[in-house]
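This report covers the fold, the nonpolar core, the charged side chains and some backbone details of one chain. The sequence and structure come next.

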Amino acid sequence: MVSRRLLLAGGASAVVLTALWWMRGGDVNAATFEITKSEDEWRRLLKPAAYKVLRQHATERPFTSPLDAEKRKGIFACAGCDLPLFASETKFDSGTGWPSFFRPLPNAVASSTDRSLIIPRTEVHCSRCGGHLGHVFQDGPPPTGLRYCINGAALTFASSVSGPA
């Protein structure tokens, strides 16, 4: 006869294993990217905030990135590998405190399933180096209805407006 303690331990183990399976990362970790570096190389290359976001999947605090208020024409690129990701024409003020875009540049981003919270989300990462950028949600403006909510620490900005000569 199975004891109640053994039955409870087995059930709890099954719940924990199921939760760990559910929360595991998406396919991004298994992917091969054009640019790969060791964690030490990334740590030396990136600013601390960029390293935490791009390589450790952190999220910066809302309303802390100057890129959230960036209004000039230009290109937002990956802070890890400088791949152009978003054109300024696709940026909008979502009111969330993070730079938001309704469309990435062609072949610039890839996605995977993020189950780190109870509800699965679509994680967005750089298609060249695999760096974590943020998430995409289906509550954005026309024409796509998408909101790419991107950490400013994962981006750089290059203005296409030339200054005075």
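A salt bridge here is a side-chain nitrogen of Lys or Arg within 4 Å of a carboxyl oxygen of Asp or Glu. The model is predicted: local features need pLDDT of at least 70, side-chain atom pairs count only at pLDDT 80 or more, and totals for chains, interfaces and linings use all residues. Residues are numbered from 1 along each chain as its sequence is written, and side-chain values use heavy atoms, with hydrogens and water left out.

**Salt bridges**

Four salt bridges are found in the whole structure. Three of them are among those tabulated below.

| Pair | N to O distance |
|---|---|
| Arg 43 and Asp 40 | 3.2 Å |
| Glu 70 and Arg 72 | 2.7 Å |
| Asp 139 and Arg 147 | 2.8 Å |

Burial is graded by relative accessible area: buried is under 20%, exposed is over 50%, and partly exposed is in between (1.4 Å probe, protein chains only). Asp 139 is partly exposed at 48%, whereas its partner Arg 147 is buried at 11%. Glu 70 is buried at 14%, and Arg 72 is partly exposed at 45%. Arg 43 and Asp 40 lie three residues apart in helix 2 (residues 39-45), about one turn of the helix. Arg 43 is partly exposed at 42%, as is Asp 40 at 48%.

**Lys 91**

Which residue carries the nearest side chain of opposite charge to Lys 91? That residue is Asp 68, 4.7 Å away, and the buried Lys 91 has no salt bridge. For charge, Lys and Arg count as positive and Asp and Glu as negative, while His and the chain ends are not counted. The Lys 91 side chain does reach the backbone oxygen of Glu 70, at 3.4 Å. Lys 91 belongs to strand 3 (residues 91-92). Not counting residues up to four places away in sequence, Lys 91 touches Leu 67, Asp 68, Ala 69, Glu 70, Phe 76, Pro 99, Ser 100 and Phe 101, a contact being heavy atoms within 4.5 Å.

**Fold and core**

The chain has three helices and nine strands, in the order α-α-α-β-β-β-β-β-β-β-β-β along the sequence. Helices (H or I, at least four residues) and strands (E, at least two) are DSSP runs, numbered from the N terminus. Of the 165 residues, 37% count as buried. Among contacts between residues at least 6 apart in sequence, 56% join residues at least 24 apart.

A nonpolar core is a set of buried Ala, Val, Leu, Ile, Met, Phe, Trp, Tyr and Cys residues joined through side-chain atoms within 4.5 Å. The largest such core has 26 residues, and Leu 85 and Ile 150 have the most contacts inside it. Elements giving two or more residues to this core include strand 2 (84-87) and strand 8 (147-150). Helix 3 gives the most, with four residues. Leaving aside neighbours within four places in sequence, the contacts of Ile 150 include Phe 86, Trp 98, Val 124, Leu 133 and Leu 155.

**Backbone details**

His 57 and Phe 63 are residues other than glycine with positive phi, near 60 degrees for His 57 and near 65 degrees for Phe 63. His 57 is in the loop between helix 3 and strand 1, and Phe 63 is placed in the loop between helix 3 and strand 1 as well. His 57 is partly exposed at 35% relative accessibility; Phe 63 is exposed at 59%. The peptide bond from Pro 142 to Pro 143 is cis, with omega near 10 degrees. Pro 143 lies in the loop between strand 7 and strand 8.

How values were computed. A polar contact is a pair of N or O atoms within 3.5 Å; within protein, one must be able to donate a hydrogen and the other to accept it, and residues adjacent in sequence count only if both atoms are side-chain atoms.
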